[in-house]
Amino acid sequence: MLTTTGIKQVLPHRYPMLLVDRVVELVPEERLVALKAVTCNEPWYQGLPEDAGDEEHGYPQTLLVESWCQAAGVLAAWDKPNPDVLSGQVMLFGSISDVVLHRTVLPGEVLEHRVRLVRALSDTVVFEGESLSGGETVMEVGRVVMAMRPAEELTGARPPA
């Protein structure tokens with residue numbers, strides 16, 4: 001199991017954009033299960049009026065996808081962590097397809113992201129999976145492609161001599 005501290009050693013994301021709270025299962029090069037607790041104290045709810053209804057408190061769909069992708073990133077990089085995006089290998093999001101959103105997620109729910117590694121090619125990985133809440137599928141992800149690239153290729157910086 002990885003807690004927030006362990007996740008921060010793998011991913012560069014920090015508050016308010018670290019959207020994975022805990023990894024409860026990790027089978028290297030195969031699968032991962034991660035948790036994200038949705039609360040009404042998150043910054044995206046800040047501007048809601050006092051009389052906002054449940055639908056207005058729906059967890060933003062883009063953040064649901066981002067949270068799942070961060071869980072996939074943990075599986076991709078758990079054995080070669082690099083939270084510093086200015087050096088070493090940098091994880092890049094490549095593409096996503098066949099995402100199906102089944103229902104709105106509300107504060108108080110705990111998301112269970114299930115990520116499966118479909119294929120790994122030298123510096124590129126392909127994932128699929130789903131997110132559940134209370135055993136109910138709230139999102140399906142058909143395919144996500146991520147690539148690892150040397151930071152110096154992205155920044156134009158030369159590696160240290």
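Here are some numbered notes on the predicted model above.

1. **Overall layout.** Let's start with the parts list. The chain has 3 helices and 6 strands. Reading from the N terminus, the order of elements is α-β-β-α-β-β-β-β-α. So when you scroll along the sequence, expect a helix at each end of that string, with α2 sitting between the second and third strands.

2. **Size and packing.** For 161 residues, a compact globule would come out with a radius of gyration near 15 Å, and this chain has 16 Å, so the two agree. The C-alpha trace spans about 60 × 30 × 30 Å along its principal axes. As for burial, 35% of the 161 residues count as buried. The accessible surface is about 9,000 Å², and 51% of that belongs to carbon and sulfur atoms. If you take contacts between residues at least 6 apart in sequence, 63% of them join residues at least 24 apart.

3. **The sheet.** All 6 strands go into an open sheet, in the order β1-β2-β4-β5-β6-β3, with antiparallel pairing. The edges are β1 (22-27) and β3 (89-101), each of which pairs on one side only. From one strand to the next, the twist averages 20°. Watch the numbering here: β2 is followed in the sheet by β4, while β3 ends up beside β6.

4. **β2 against β4.** Strand β2 (residues 31-37) and strand β4 (residues 110-121) run antiparallel and are joined by 7 bridges. If you want to get the register by eye, two pairs will do. A34 has H113 in β4 as its bridge partner, and A37 has V110.

5. **β4 against β5.** On to the next pairing, where β4 and β5 are antiparallel over 10 bridges. Here L111 stands opposite S133 in β5. The two strands make a hairpin with 2 residues between them, and S122 takes a positive phi there.

6. **The helix on the sheet.** Which strands does α2 lie across? Helix α2 (residues 61-77) lies across β1, β2, β3, β4, β5 (124-133) and β6 (136-150). Its direction is at about 50° to β4.

7. **The core.** In soluble globular proteins, nonpolar side chains tend to be buried together. In this model, the largest nonpolar core has 31 residues, and those with the most contacts inside it are L32, Y59, W68, V115 and F127. At least two residues come from each of β2, α2, β4, β5 and β6. The top contributor is α2, with 10 residues.

8. **F127 up close.** This one is worth clicking on. Setting aside neighbours within four places in sequence, F127 is in contact with W68, A72, L75 and A76, with V115, R116, L117 and V118, and with G142, R143, V144 and M146. Two of those partners, W68 and V115, also appear with F127 among the core residues with the most contacts.

9. **A cis peptide bond.** Most residues other than glycine have a negative phi, and most peptide bonds are trans. The bond between Y15 and P16 is cis, with omega about 5°. P16 lies in the loop between α1 (4-8) and β1.

10. **Two positive phi values.** D98 is not a glycine, yet its phi is positive, at about 55°. D98 belongs to strand β3, one of the edge strands. Is D98 buried or exposed? The cut-off for exposed is over 50% relative accessible area, so D98 counts as exposed at 60%. S122 is the other case to look at: also not a glycine, with a positive phi near 20°. S122 is found in the loop between β4 and β5, and its relative accessible area of 86% makes S122 exposed.

11. **G134, on the outside.** G134 lies in the loop between β5 and β6. With a relative accessible area of 84%, G134 is exposed. For a sense of distance, G134 and T3 are 131 residues apart in sequence and 21 Å apart in space, C-alpha to C-alpha.

How values were computed
Residues numbered from 1 in each chain as written. Predicted model: local features only at pLDDT ≥ 70, side-chain atom pairs only at ≥ 80, totals over all residues. Heavy atoms only, no water. Pairing = 2+ DSSP bridges. Helix = DSSP H or I, 4+ residues; strand = E, 2+ residues; numbered from the N terminus. Axes fitted to C-alpha atoms, helices over the stretch in contact; angles between N-to-C directions. Contact = heavy atoms within 4.5 Å. Rg over C-alpha atoms; globule rule 2.2 N^0.38 Å. Buried < 20%, exposed > 50% of the residue type's maximum accessible area, 1.4 Å probe, protein only. Areas by Shrake-Rupley, 256 points an atom, 1.4 Å probe, with all protein chains shown as cover. Core = buried A, V, L, I, M, F, W, Y, C linked by side-chain atoms within 4.5 Å.
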